[in-house]
Amino acid sequence: MMRILFVDDSPFERDHTPRELHDQGHQVTHLAESLAGTRFILANLADEFDVVILDVVLPDWEGLDDTRQMVADIQAAGKQVILHTSHDYLEGLQRFHGVRIVPKHNGKLSALTDALAELDT
């Protein structure tokens, strides 16, 4: 079981994905919908989760440099990162080392749960 901070600005994703992850035995301990919210949770509640599932495009996102900095902050806190995003951004994300990149597939979570299983071993 992984304890998860799930970050996505899509109401559908914030509703659907945590429920599915819970059904598969994981615990979504916190939800955030912005980089600012993620930074707050990371600074104050980092002991309550093991991995961050991070959507790349958020309301306060200004480009891949923001993503790079957020990934660095998460890793500096000793947490694993899974970038969960649309195919449109996958090519630009290939340069992130040590980060799993999982495309969104219209509500299908098999790639995401496979990535979590790899982290949990």
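**Close-up 1. A salt bridge joins the side chains of Glu118 and Arg100.** The distance from N to O is 3.4 Å; a salt bridge is defined as a side-chain nitrogen of Lys or Arg within 4 Å of a carboxyl oxygen of Asp or Glu. Distant parts of the chain are linked by this pair, since Glu118 belongs to helix H5 (residues 110-119) and Arg100 to strand E5 (residues 100-103), 18 residues apart. Helices (H or I, at least four residues) and strands (E, at least two) are DSSP runs, numbered from the N terminus. Glu118 has a relative accessible area of 49% and is partly exposed. Arg100 is partly exposed too, at 26%. Here buried means under 20% relative accessible area, exposed means over 50%, and partly exposed lies in between (1.4 Å probe, protein chains only). The model is predicted: local features need pLDDT of at least 70, side-chain atom pairs count only at pLDDT 80 or more, and totals for chains, interfaces and linings use all residues. Residues are numbered from 1 along each chain as its sequence is written, and side-chain values use heavy atoms, with hydrogens and water left out.

**Close-up 2. Arg19 and Asp15 form a salt bridge in helix H1.** Side chains of opposite charge can pair when their charged atoms come close. In this pair, N and O are 2.7 Å apart. Both residues lie in H1 (residues 11-23), with their positions four residues apart in the count, about one turn of the helix. Arg19 is partly exposed because its relative accessibility is 48%. Asp15, at 45%, is also partly exposed. The structure holds five salt bridges.

**Close-up 3. Asp65 and Arg68 form a salt bridge in helix H3.** The N to O distance is 2.6 Å. The two residues are three residues apart in H3, so about one helical turn separates them. Asp65 counts as exposed, with 58% relative accessibility, whereas Arg68 counts as partly exposed, with 34%.

**Close-up 4. Helix H2 lies beside helix H3.** Two packed helices are described by the angle between their axes and the distance between the axes. The axes of H2 (residues 35-45) and H3 (residues 64-76) come within 11 Å and cross at roughly 10 degrees. Axes are lines fitted to C-alpha atoms, for helices over the stretch in contact, and angles run from 0 to 180 degrees between N-to-C directions. H2 and H3 are therefore roughly parallel to each other, a term for angles under 35 degrees (over 145 is roughly antiparallel, 65 to 115 roughly perpendicular, and the rest oblique). On the H2 side the contact is made by Leu35, Thr38, Arg39 and Leu42, and on the H3 side by Asp66, Met70, Asp73 and Ile74. Contact means heavy atoms within 4.5 Å. Four of these residues are nonpolar, one is polar and three are charged. Ala, Val, Leu, Ile, Met, Phe, Trp, Tyr, Cys and Pro count as nonpolar, Asp, Glu, Lys and Arg as charged, and the others, Gly among them, as polar.

**Close-up 5. Thr17 is a buried residue of helix H1.** Its relative accessibility is 0%. Leaving aside neighbours within four places in sequence, Thr17 is in contact with Phe6, Phe12, Leu109 and Leu112. Thr17 and Leu109 are 92 residues apart in sequence, and their C-alpha atoms are 7.6 Å apart in space.
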